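User: Please take a close look at the largest nonpolar core of this model. I would like to know which residues form it and what lies around it.

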Amino acid sequence: MRFALVLSLAMLTITGVLRGQKPESTNANAAIEKEILKIDDQKDHAMQRYVASHGKAGGLELDQIYADDLVFVNTHGGLLTKAQRLEDLRSGNLKFISFGRDSYSLHVYGDTVVMTGRATSEVVYMGK
């Protein structure tokens, strides 16, 4: 009986300690999510300026915002590097008519963040 009481108290203590740690990690995750959304908003605003200027502004901003190891999947399933993506924009091969996004969410798993969402755009690519 005494062992059961000690075990029960130990379990309550461990549960309390674990519960006490969760808000800190939740707060840390919230801070990470907030920072990532801030960066994504910067990218979105740069893209909106790029579209509004018909490709005359924002290219440098996009170059600074896109990661050097960016891999972009185009609508035909082709994989483009950052340099290829920016060259399409600079050359005029890719022209945005409109750009929008919605339904974005983030999930933090330790040192990994999974971001999902939907972006829609109307473009002219290679004159089509």
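Analyst: The answer below begins with the overall fold and the confidence of the model, then turns to the core and its surroundings.

The structure is a predicted model. Its secondary structure consists of 3 helices and 4 strands, and these elements succeed one another along the sequence as α-α-β-β-α-β-β. The protein has 128 residues, of which 18% are buried. Its accessible surface is about 9400 Å², and carbon and sulfur atoms contribute 60% of that area. Among contacts with a sequence separation of 6 or more, 43% join residues 24 or more positions apart.

Confidence should be considered before the details. The mean pLDDT of the protein is 74, and 78% of the residues reach at least 70. Of the elements, strand 2 (residues 79-81) has the highest mean pLDDT, 95, and helix 1 the lowest, 61. Residues 1-23 have a pLDDT below 50, and this stretch makes 0 contacts in the model beyond near neighbours in sequence. Helix 1 spans residues 2-52.

The largest nonpolar core has 11 residues in all: Ala-46, Met-47, Tyr-50, Val-51, Leu-62, Tyr-66, Leu-86, Leu-89, Leu-94, Phe-96 and Phe-99. At least two residues each come from helix 1, helix 3 (82-91) and strand 3 (94-109). Helix 1 supplies the largest share, with 4 residues. In soluble globular proteins, nonpolar side chains tend to be buried together.

Two members of the core, Phe-96 and Phe-99, merit separate attention. A pair of aromatic rings is described by the distance of the centres and the angle of the planes. For Phe-96 and Phe-99 the centres lie 6.2 Å apart and the planes meet at 80 degrees, so the pair is classed as edge-to-face, the cut-off for that class being over 60 degrees. This is the 1 aromatic pair that the structure holds. Phe-96 has a relative accessible area of 8% and is therefore buried. Phe-99 has a relative accessibility of 17%, so this residue also counts as buried, given the limit of under 20%.

Each of these two phenylalanines also touches a charged residue from another element. On one side there is Asp-44, a residue of helix 1. Apart from neighbours within four places in sequence, Asp-44 is in contact with Phe-99 and Arg-101. Asp-44 counts as buried because its relative accessibility is 11%. The C-alpha atom of Asp-44 is also 10.0 Å from that of Ile-65, a residue 21 positions away along the chain.

On the other side there is Glu-122, which belongs to strand 4. With residues up to four places away in sequence left out, Glu-122 touches Lys-95, Phe-96, Ile-97 and Ser-98. Phe-96 is a member of the core. Glu-122 has a relative accessibility of 46% and so counts as partly exposed, whereas Asp-44 is buried. Between Glu-122 and Gly-100 the C-alpha distance is 9.3 Å, across 22 residues of sequence.

Further features can be described outside the membership of the core. Lys-34 is another residue of helix 1. At 65% relative accessibility, Lys-34 counts as exposed. The C-alpha atoms of Lys-34 and Leu-106 are 9.4 Å apart, although 72 residues separate them along the chain. Elsewhere, Arg-85 is placed over the face of Phe-72, at 3.7 Å from the centre of the ring.

The backbone of Met-126 also deserves a note. Strand 4 covers residues 112-125, and Met-126 lies in the segment that follows. Most residues other than glycine have a negative phi, and most peptide bonds are trans. Met-126 is not a glycine, yet its phi is positive, at about 55 degrees. With a relative accessible area of 52%, Met-126 is exposed.

To return to the request, the core draws its largest share from helix 1, and helix 3 and strand 3 each supply at least two residues. Within the core, Phe-96 and Phe-99 form the edge-to-face pair. Asp-44 is in contact with Phe-99, and Glu-122 touches Phe-96. The part played by helix 1 should be read together with its mean pLDDT of 61.

Notes
Residues numbered from 1 in each chain as written. Heavy atoms only, no water. Buried < 20%, exposed > 50% of the residue type's maximum accessible area, 1.4 Å probe, protein only. Contact = heavy atoms within 4.5 Å. Areas by Shrake-Rupley, 256 points an atom, 1.4 Å probe, with all protein chains shown as cover. pLDDT = per-residue confidence, 0-100. Core = buried A, V, L, I, M, F, W, Y, C linked by side-chain atoms within 4.5 Å. Phe/Tyr/Trp six-rings, centres within 6.5 Å; stacked < 30°, edge-to-face > 60°. Lys NZ or Arg CZ within 6 Å of the ring centre and 35° of its normal.
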